[in-house]
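Visitor: Please choose one part of this model and look at it closely. Then work outward from there to whatever surrounds it, in one connected account.

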Amino acid sequence: MEVVIAKDYKEMSKIAANIIRDQIQRKPNSVLGLATGGTPIGTYEELVRMHKEEGLDFAKITTFNLDEYLDIPDNHPERYLNFMKANLFDKVNVRPEAIHVPTNKRKGAEEFCAWYEDEIEKAGGVDLQLLGIGPDGHIAFNEPSSSLASRTRIKTLDESTIEANARFFDNDNAKVPKFAVTMGVGTVLEAKKLLLIANKKSKAAIVKAFIEGPVTSMVTASALQLHPNAIVVLDEDAASELQLKDYFKWVYKQKPDKYL
Ligand code: GLP
């Protein structure tokens with residue numbers, strides 16, 4: 001696992017966007033796996049800037065989002081499809097038919113999950129998967145105890161996740177959907193490259209756990225340790241509890257091709 005420590009959120013977002021830009025430039029028809037939450041907003045802002053100012057071209061890109069709330073109304077701003085439109089899709093030239101986001105509808109959700117897996121396979125698999133991390137160590141909505149071999153399916157959200165995401169729902173836990181459709185850990189691990197981003201002091205303990213702790217379904221992000229091509233980009237706050245912090249900085253210093 002490569003761990004890059006940026007000085008702040010802005011730099012973390014720039015590095016992540018640069019890695020995505022490199023992927024798009026190397027392979028213009030890349031399949032991108034995309035994430036939601038507060039963390040990637042800066043990365044998407046930077047990608048939009050690159051599109052507008054540098055002509056970064058999304059015309060041949062295909063996208064698959066990690067997850068979606070179940071039972072959330074179609075027009076709800078926190079529906080992940082709407083979040084993605086507001087932060088990226090409507091601001092770059094990605095083709096609408098190349099966008100894939102899990103269903104928000106309970107009816108037919110199980111069939112949808114199988115279809116989603118097939119679509120990812122038909123697209124040739126995900127080239128680069130962007131990830132955030134939940135306070136309980138989840139990637140996508142793979143809550144603690146999710147099998148590390150799990151596939152796209154319906155998950156019941158942990159109460160701590162509902163609490164953490166209530167800030168997007170008028171700080172009212174009762175308004176947060178209790179279920180989601182999410183790619184599985186096994187699905188995520190099949191991407192050719194993983195890029196996890198995390199910032200803030202509040203993520204420092206869980207960041208330490210997934211990078212330096214055991215591989216365990218209790219912290220599903222720890223499955224990144226099993227991936228041969230995973231990059232983690234942190235800000236100083238999120239990296240603050242890492243035992244190997246100085247080593248990671250030292251390694252990056254020796255790297256000939258920096259991300260920034
Ligand atoms: C949600 C999403 C995750 C995301 C996590 C962290 O639960 N399902 O994909 O990584 O939130 O969110 P934030 O980036 O807002 O901390």
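Guide: The part chosen is Ser222, which sits in the loop between α7 (204–212) and β10 (230–235). The model is a predicted one, and what follows should be read in that light. Ser222 has a relative accessible area of 0%, so it counts as buried, the cut-off being under 20%. Outside the residues up to four places away in sequence, Ser222 touches Phe210, Pro214, Val215 and Thr216. Of these, Phe210 falls within the residue range of α7, 204–212.

The two elements that flank this loop also meet each other. Helix α7 lies across β1, β9 and β10, and it runs at about 155° to β10. An angle over 145° counts as roughly antiparallel, so α7 and β10 are roughly antiparallel.

From β10 the account passes to the sheet. Seven strands make up an open sheet, with parallel pairing, in the order β1-β10-β9-β6-β2-β3-β5. The edges are taken by β1 (2–6) and β5 (99–100); each has a single partner strand, so one side of each has no neighbour in the sheet. In this order β10 stands between β1 and β9. Strand β9 (residues 193–198) and β10 run parallel and are joined by five bridges. One of the residue pairs involved is Ile197 with its bridge partner Val233 in β10.

Past the end of β9 comes Asn199, in the loop between β9 and α7. Asn199 is buried too, since its relative accessible area is 10%. Beyond its neighbours within four places in sequence, Asn199 is in contact with Tyr9, Met12, Thr39, Asp235 and Ala238. Asp235 in that list belongs to β10, which spans 230–235, while Tyr9 and Met12 belong to helix α1 (residues 9–26).

Tyr9 also takes part in the packing of α1 on α2. Helix α1 and helix α2 (residues 41–54) pack at an angle of about 55°, with 8 Å between their axes. The two helices are therefore oblique to each other, and their crossing is right-handed. On the α1 side the contact uses Tyr9, Ser13, Lys14, Ala16, Ala17, Asn18, Ile20 and Arg21; on the α2 side it uses Ile41, Gly42, Thr43, Glu46, Leu47, Met50 and Glu54. By class, the residues of this contact are seven nonpolar, four polar and four charged.

Back in the sheet, β6 (128–131) leads into another loop, which ends at β7 (153–156). Two residues of that loop, Ala140 and Ser145, have a positive phi although neither is a glycine. For Ala140 the phi is about 55°, and for Ser145 about 90°. Ala140 counts as buried, because its relative accessibility is 9%. Ser145, by contrast, is exposed, with a relative accessible area of 51%.

Strand β7, at the far end of that loop, pairs with strand β8 (residues 179–182) through four bridges, and the two run antiparallel. Arg153 has Thr182 in β8 as its bridge partner. Side chains alternate along β7: Arg153 and Lys155 point to one face and are buried, whereas Ile154 and Thr156 point to the other and are not.

Definitions and conventions
Residues numbered from 1 in each chain as written. Predicted model: local features only at pLDDT ≥ 70, side-chain atom pairs only at ≥ 80, totals over all residues. Heavy atoms only, no water. Axes fitted to C-alpha atoms, helices over the stretch in contact; angles between N-to-C directions. Parallel < 35°, antiparallel > 145°, perpendicular 65-115°, else oblique. Left-handed = near helix turned anticlockwise from the far one by under 90°. Contact = heavy atoms within 4.5 Å. Nonpolar A, V, L, I, M, F, W, Y, C, P; charged D, E, K, R; others polar. Buried < 20%, exposed > 50% of the residue type's maximum accessible area, 1.4 Å probe, protein only. Pairing = 2+ DSSP bridges.
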